[in-house]
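Reader: I am in my first year and would like to learn how the words used for a protein model follow from its numbers. Could you take me through the structure shown here, setting each value against its definition?

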2 protein chains.
Amino acid sequence: MTSKIIDPYGSELIEDYVKIIKEFGLDSFNLKEYPEPNRLMRRGVVFAERDMKLTLKAMKEKKPFYVLSGIMPTAKKVHFGTKMVVENIAYFQKHGARTFCLIADLESAAARNISLEEARKNALEFQIPSYIALGLDPKKTIFYFQSENKEVIKLAYEASNKITLNEFRAVYGEATPSRILSALTQIGDILYPQLEEQMPGVIPVGVDQDPHIRLTRDVVRRMKEKKFFLPSGLYHKFTPSLDGEMKMSKSKPNSCIDLPEDPKEACKKIMRAKTGGRDTLDIQKKLGGEPEKCIIFELYKQHLIEDDKELKQIYDNCKSGKLLCGEDKQNCCKLITQFMNTLTGNTEKARKNIDKLNFISFK
Amino acid sequence: MTSKIIDPYGSELIEDYVKIIKEFGLDSFNLKEYPEPNRLMRRGVVFAERDMKLTLKAMKEKKPFYVLSGIMPTAKKVHFGTKMVVENIAYFQKHGARTFCLIADLESAAARNISLEEARKNALEFQIPSYIALGLDPKKTIFYFQSENKEVIKLAYEASNKITLNEFRAVYGEATPSRILSALTQIGDILYPQLEEQMPGVIPVGVDQDPHIRLTRDVVRRMKEKKFFLPSGLYHKFTPSLDGEMKMSKSKPNSCIDLPEDPKEACKKIMRAKTGGRDTLDIQKKLGGEPEKCIIFELYKQHLIEDDKELKQIYDNCKSGKLLCGEDKQNCCKLITQFMNTLTGNTEKARKNIDKLNFISFK
């Protein structure tokens with residue numbers, strides 16, 4: 001942990017991550033094993049991993065390995081969590097991973113009652129361009145729609161007799177038919193890249209998605225004849241809600257910034273965000289602010305400021321009482337406006353090139 | 001019920017069928033609505049139906065309707081239950097039904113852990129030729145493998161959010177993931193013919209398969225936007241075990257005749273079958289036998305004697321004490337030998353023409 005560049009600025013917002021590591025049986029993120037770590041890795045936003053050894057070995061030895069993510073083609077918005085997933089995918093992609101991006105149209109039909117046609121339209125018009133705008137290299141990415149990939153379905157069926165209903169329940173709480181179907185399909189997706197060539201692979205996710213990885217690993221252990229590698233996991237923290245709750249969620253729209261969102265709206269929300277400010281201006285000037293409790297600082301750290309030195313400067317200025325919350329929020333507003341404009345422009349550009357993607361063509 | 005040709009010879013073997021009709025909410029089979037009824041219909045072996053009205057109307061008015069059955073490509077044997085299903089399919093096929101025969105390779109992977117390759121091989125080498133030998137007209141039948149039919153999968157996913165886990169449990173008792181997946185896929189299969197053209201259709205089954213039909217009907221009611229017709233059901237009694245139990249089952253091999261089976265083996269089993277004979281020969285000559293309690297007579301009625309007059313003659317001869325069990329079993333043995341030889345020959349012939357089948361080709 002010592003090699004993290006801004007480790008001392010670790011967030012106090014969510015102390016539960018240590019507990020999560022313990023409860024889920026994860027390993028702490030081991031920064032020194034990752035060459036040229038990305039912003040999220042350097043800053044401890046990527047906080048945990050699961051069984052990364054073989055995947056990292058393959059990566060360093062330039063042997064085949066894969067990284068995979070799924071797109072849920074439902075709402076016409078993504079969120080900061082998606083952004084982190086894409087950034088971590090891009091990291092492995094840059095380091096040689098075969099990159100698979102699947103569109104979970106079957107799952108969206110099962111779980112959200114969205115027709116496959118609508119799902120396809122959403123994905124092509126919105127989610128895929130967003131992923132590309134957020135850093136996915138479309139030239140190096142293999143895309144597919146679940147509903148067209150029979151191999152994934154076959155794997156899902158084969159997996160279905162390797163798991164009991166009680167195991168589902170233990171993992172997901174409630175085991176509805178549509179959830180069972182979705183989970184089995186995700187297992188199919190996670191293992192699909194290994195059908196062509198058996199190789200290690202990593203699934204970067206928010207920690208709430210770990211159950212799928214755990215379940216897939218259980219199934220792999222019970223499918224000995226297939227000789228699949230156990231998939232690795234890489235976990236990022238949540239982007240906190242603007243009111244300081246653990247996770248930004250669209251259920252509280254005033255505390256949630258969508259990607260994209262009208263910059264003016266985003267700024268309004270930022271102005272009301274929880275900070276690490278003191279009770280009075282005088283006290284703050286004297287004692288300094290508490291950036292480790294500040295959502296604005298967390299947004300900088302996770303998303304808005306790439307340069308570590310710049311981030312440290314803000315941290316120091318806050319700590320010393322030099323930078324006050326009002327000014328800081330103005331600054332954040334500028335950055336988010338810039339971010340949204342760039343995102344919108346890049347999404348538009350990606351949308352125009354959508355017919356150049358590498359979709360797997362299935363017979 | 002009065003128009004059944006040999007109604008008075010109704011079996012006493014399984015009185016539970018009246019209870020089944022009540023419990024499952026079925027209608028009694030209404031023979032007079034079926035033009036040119038087949039042997040099973042004439043003799044009350046087909047004993048129940050569910051919501052046949054629209055299907056029969058379409059049939060009589062020569063409008064589109066369909067009949068469908070699935071092949072489980074597992075063991076290299078079929079049984080008398082399969083024979084009855086095929087005969088009822090053939091009935092509707094002769095009366096103009098579009099006929100679909102699917103190979104449940106995904107289900108066999110989920111429920112029986114049989115690989116898709118093995119399932120395909122089994123179906124082509126064994127089950128499909130058997131179905132043809134038992135009366136399916138291959139020229140008028142549309143075949144497909146579940147694993148190749150994406151539309152079925154899509155329907156399964158759409159169905160998954162129309163049923164709760166408790167409903168599954170109420171229908172199937174135990175709701176394992178693989179059973180849930182299988183049931184959802186069956187729903188997809190049952191409705192698939194209506195994707196092309198909305199039309200009524202009938203699924204002929206043993207009554208133990210009614211849960212799938214019930215569940216499909218529930219789903220159709222909840223998928224209003226799809227405007228599917230509710231599928232109809234037609235139900236045949238079980239072929240009883242040779243020891244007189246309700247259902248012939250391979251779990252008791254000595255009481256079960258497989259299709260095909262070596263005729264000598266089949267004869268041996270028949271010699272040990274339960275009959276309607278009296279305690280002593282003298283009593284039997286005096287009082288006559290009880291064909292309604294006799295498995296041999298049930299085999300004649302269900303499977304081995306096509307001609308109603310011939311069957312009645314045997315019944316009368318037994319009742320009068322003229323035909324005794326030993327002679328009768330010899331006769332049954334001759335018939336089963338003939339049956340097995342014909343079946344084997346026809347299966348072999350169908351196997352040779354397997355490449356001429358109408359498999360749906362999926363893009």
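Reader: What makes the contacts in chain A long in sequence, when they join residues at least 6 apart?
Author: Among contacts of that kind in chain A, 77% join residues at least 24 apart in sequence, where two residues are in contact if their C-beta atoms, placed from the backbone, lie within 7 Å. This is a predicted model, in which local features need pLDDT of at least 70 and side-chain atom pairs count only at pLDDT 80 or more, while totals for chains, interfaces and linings use all residues. Residues are numbered from 1 along each chain as its sequence is written, and chains are lettered from A and ligands numbered from 1 in the order in which they are written.

Reader: Why is chain A called as compact as a globular protein of its length?
Author: Chain A has 16 helices and 8 strands, which are DSSP runs numbered from the N terminus (helices are H or I with at least four residues, strands are E with at least two). The radius of gyration of chain A is 21 Å, and because this is close to the 21 Å that the globule rule gives for 363 residues, the chain counts as compact in that sense. The radius is taken over C-alpha atoms, and the rule is 2.2 Å times the number of residues to the power 0.38. Along its principal axes, the C-alpha trace of chain A spans about 70 × 40 × 40 Å.

Reader: How do you know which share of the residues of chain A is buried?
Author: A residue is buried if 20 or more other C-beta atoms lie within 10 Å of its own, exposed if 12 or fewer, and partly exposed in between, with C-beta atoms placed from the backbone. Of the 363 residues of chain A, 49% count as buried.

Reader: What puts the buried residues of helix H3 of chain A on the same side?
Author: In H3(A), residues 53-60, the buried residues are Thr55(A), Leu56(A), Ala58(A) and Met59(A). They cover an arc of only 160° around the axis, and therefore lie on the same side of H3(A); the arc is that of the directions from the helix axis to the C-beta atoms. The buried residues of H3(A) pack against strands S6 (201-206) and S7 (232-236) of chain A.

Reader: Why is strand S5 of chain B called largely enclosed?
Author: S5(B) covers residues 141-145, and 4 of these 5 residues are buried, so the strand is largely enclosed by the rest of the structure. S5(B) pairs with strand S4 (residues 98-103) of chain B in the parallel sense over 5 bridges, and two strands pair if DSSP finds at least two bridges between them. Opposite Phe145(B) in S5(B) stands Ile103(B). Strand S8 (residues 358-359) of chain B runs parallel to S5(B) and is joined to it by 2 bridges, with Phe359(B) as the bridge partner of Phe143(B).

Reader: What makes S1 and S8 of chain B edge strands?
Author: The open sheet of chain B has 8 strands in the order S1-S2-S7-S6-S3-S4-S5-S8, with mixed pairing. Its edge strands are S1 (27-28) and S8, each of which pairs on one side only. An antiparallel pair in chain B is that of S2 (residues 46-50) and S7 (residues 232-236), joined by 4 bridges, where Ala48(B) stands opposite Tyr235(B).

Reader: How do you know that chains A and B are related by a two-fold axis?
Author: Chain B can be laid on chain A by a turn of 180° and a shift of 0.0 Å along the axis, with an RMSD of 0.0 Å; because of this, the relation is that of a two-fold axis. The copies are superposed by least squares on the C-alpha atoms of residues with pLDDT of at least 70 in both. The same surface serves both copies, as 100% of the contact residues of chain B recur in chain A.

Reader: Why is Leu287(B) called exposed?
Author: Leu287(B) has 12 C-beta neighbours inside 10 Å, and therefore counts as exposed. Leu287(B) belongs to helix H13 (residues 281-287) of chain B and, not counting residues up to four places away in sequence, touches Arg278(B) and Gly321(B).
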